[in-house]
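Open the model in your viewer and set the side chains to sticks. The tour below goes through salt bridges, one stop at a time.

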Amino acid sequence: MAILDKIYYVDRSDVLPGRLDDAKAAMRDLAAFVDVVEPQLLAYHFYVDEPTATMTLVAVHPDAASLELHMELGGPKFRAFVPLIRMRSIDVYGSVGPSLRDRLRAKAALLGGATVTVHSRVAGFTR
């Protein structure tokens with residue numbers, strides 16, 4: 001596995017008023033599910049800024065195929081978030097193909113119409 005193949009995924013959402021506890025429960029449920037069914041994932045973390053009720057998900061995939069698998073396996077679980085959040089943005093750092101971009105746009109639309117931005121690596125290194 002080449003270091004350059006890694007995909008860094010970050011999404012941000014506003015938790016709807018009065019739904020923070022429910023959103024936290026959904027985060028824990030999804031993280032536990034992903035932990036069991038996606039052992040290839042390198043990192044998968046939810047964060048919450050409670051004063052602004054902002055939820056952030058940070059995931060590190062070993063490659064684009066891992067993110068594709070996550071979209072397939074996690075798709076039904078994402079629906080649990082529909083009454084809880086409004087997604088603001090999805091940022092993907094790394095190289096992903098057109099079909100995966102389409103799946104990311106569909107997820108963004110399902111969860112509130114977020115923007116999807118794919119960032120291409122220009123320079124840098126990972127140790």
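Buried here means under 20% relative accessible area. The model is predicted, and a search of the whole structure finds seven salt bridges. Three of the stops follow.

**Stop 1: Asp11 and Lys107.** Select both residues and show the side chains, which meet in a salt bridge with an N to O distance of 3.6 Å. Asp11 sits in strand 1 (residues 7–15) and Lys107 in helix 3 (residues 98–110), so the bridge links distant parts of the chain, 96 residues apart. Now turn on the surface. Are these two residues buried or exposed? Lys107 has 7% relative accessibility and therefore counts as buried. Asp11 is also buried, at 2% relative accessible area.

**Stop 2: Glu68 and Arg103.** Stay on helix 3 and select Arg103, then add Glu68 from helix 2 (residues 64–78). The closest N and O atoms of this salt bridge are 2.8 Å apart. Because the partners lie in two helices, the pair ties together parts that are 35 residues apart in sequence. On the surface, Glu68 is partly exposed, with a relative accessible area of 24%. Arg103 counts as partly exposed too, at 31% relative accessibility.

**Stop 3: Asp102 and Arg105.** Select these two residues, both in helix 3. How far apart are their closest N and O atoms? The distance in this salt bridge is 2.7 Å. Along the chain the two residues are three apart, about one turn of the helix. Asp102 is partly exposed at 44% relative accessibility, and Arg105 is partly exposed at 44%.

Key: Residues numbered from 1 in each chain as written. Predicted model: local features only at pLDDT ≥ 70, side-chain atom pairs only at ≥ 80, totals over all residues. Heavy atoms only, no water. Salt bridge = Lys/Arg side-chain N within 4 Å of Asp/Glu carboxyl O. Helix = DSSP H or I, 4+ residues; strand = E, 2+ residues; numbered from the N terminus. Buried < 20%, exposed > 50% of the residue type's maximum accessible area, 1.4 Å probe, protein only.
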